[in-house]
Amino acid sequence: MTIYENILQAKAKNEKLLAILIDPEKVTVEDAIVLAEKIKSSPATHVFVGGSTFSGSHLNELIAILKKKTNLPTLIFPGHPYQISDEADGILFLSLLSGRNPDYLIEHQINSVRLLEQTNLEVIPTAYLLIDGGKETTVQNVSQTRAIAYNDIELAYITAKAGVFLGMKLIYLEAGSGATKNVSAEMTKYITENCEIPVIVGGGIRSMKTIQEVYNSGADLIVIGTAFENDSDFFNL
């Protein structure tokens, strides 16, 4: 069964999923050995690896360690075509539908095709939407795009639905790394109720209470990044 089929199966059973996002810009190979043990003992079901500004050389080794030691599906969450590694199990093939920068809508995707053809990665087309999380995030700065307003449920919905019509397999609602507030329950609920594909929510989620609230609003998979970076014992609290 593919990673995506497993996500669909979990959605059908209303089994909630959790991904730990590891930013290779901030995590060394040595760090990964320790973090992997923490992830293994956490409720995580997936590991995401990637960052907006990473251009280092240790991506393959980092992913190999995380994959081997956690034994969890490991997916690349790319900020650029050079963030591709055959060590991973799959890649979220992101298109930044909330922005109008052609590089992040289609150009980077085109430039990654030949690289992806040389791998065995499971490629999962993903509609990526930036939602205002209370501060300008690295993704906004790097992509030079504006986030959808926190309360603009209509724009967020029709953008997500356009992704569905385009054949995307996942919707990713992203408040951004270090966001001061997460995507609203109202926005998540409306999109999950009106879009049939699985919905991922990330950014600004800093407590177990918030995780439960986001699940209750309909999210199928939650991504925890900054909170875990700052405290690898986050799930033991």
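Helices, as the term is used here, are DSSP runs of H or I with at least four residues, and strands are runs of E with at least two, both numbered from the N terminus. In those terms, D220 is found in the loop between α8 (208-216) and β8 (221-224). The model is a predicted one, and its eight strands close into a barrel in the order β1-β2-β3-β4-β5-β6-β7-β8, with parallel pairing. Neighbouring strands of this sheet are turned by 30 degrees against each other on average, with direction ignored.

**Strand β5 and its neighbours in the barrel**

- Strand β5, which spans residues 122-130, is mostly covered, since seven of its nine residues are buried.
- On one side, strand β4 (residues 90-96) pairs with β5 in the parallel sense over seven bridges, and within this pairing F93 stands opposite P125 of β5.
- With strand β6 (residues 170-174), β5 again pairs in the parallel sense, here over five bridges, and L129 has L173 as its bridge partner in β6.
- The connection from β4 to β5 runs through helix α4 (residues 102-117), and the three elements make a right-handed β-α-β unit.
- Strand β3 (residues 74-76) and β4 are joined by two bridges in the parallel sense, with I76 standing opposite I91 of β4.
- Helix α6 (residues 153-165) packs on the sheet, where it touches both β5 and β6, and its direction makes about 160 degrees with that of β5.

**Aromatic pairs**

- A pair of aromatic rings is described by the distance of the centres and the angle of the planes.
- The structure holds seven aromatic pairs; in one of them, the rings of Y128 and Y172 have their centres 5.3 Å apart and their planes at 85 degrees, and because planes over 60 degrees apart count as edge-to-face, this pair is classed as such.
- Y128 lies in strand β5 and Y172 in strand β6, so the pair ties together parts that are 44 residues apart in sequence.
- Both Y128 and Y172 are buried.
- The rings of F228 and F235 have their centres 6.2 Å apart and their planes at 40 degrees, so this pair is tilted, and both F228 and F235 are buried.
- Ring pairs also link F48, F77, Y128 and Y172 into a cluster.

**Two buried polar residues in loops**

- D220, in the loop that precedes β8, has a relative accessibility of 8% and therefore counts as buried, the cut-off being under 20%.
- The side chain of D220 reaches the backbone nitrogen of V199 at 2.8 Å.
- Leaving aside residues up to four places away in sequence, D220 touches K11, E15, K16, L17, I197, P198 and V199, so that V199 appears both as the partner of the polar contact and in this list of touching residues.
- T145 lies in the loop between α5 (138-143) and α6, the helix that packs against β5 and β6.
- With a relative accessibility of 9%, T145 likewise counts as buried.
- The side chain of T145 makes a polar contact with the side chain of S143 at 2.8 Å.
- Again leaving aside residues up to four places away in sequence, the residues touched by T145 are L96, G99, R100, N101, L130 and Q140.

How values were computed
Residues are numbered from 1 along each chain as its sequence is written. This is a predicted model: local features need pLDDT of at least 70, side-chain atom pairs count only at pLDDT 80 or more; totals for chains, interfaces and linings use all residues. Side-chain values use heavy atoms; hydrogens and water are left out. Buried means under 20% relative accessible area, exposed over 50%, partly exposed in between (1.4 Å probe, protein chains only). Two strands pair if DSSP finds at least two bridges between them. A crossover is right-handed if, with the strands pointing away from the viewer, the path from the first strand over the helix to the second runs clockwise. Axes are lines fitted to C-alpha atoms, for helices over the stretch in contact, and angles run from 0 to 180 degrees between N-to-C directions. Contact means heavy atoms within 4.5 Å. A polar contact is a pair of N or O atoms within 3.5 Å; within protein, one must be able to donate a hydrogen and the other to accept it, and residues adjacent in sequence count only if both atoms are side-chain atoms. Rings of Phe, Tyr and Trp (its six-membered ring) pair if their centres lie within 6.5 Å; planes under 30 degrees apart count as stacked, over 60 as edge-to-face and the rest as tilted.
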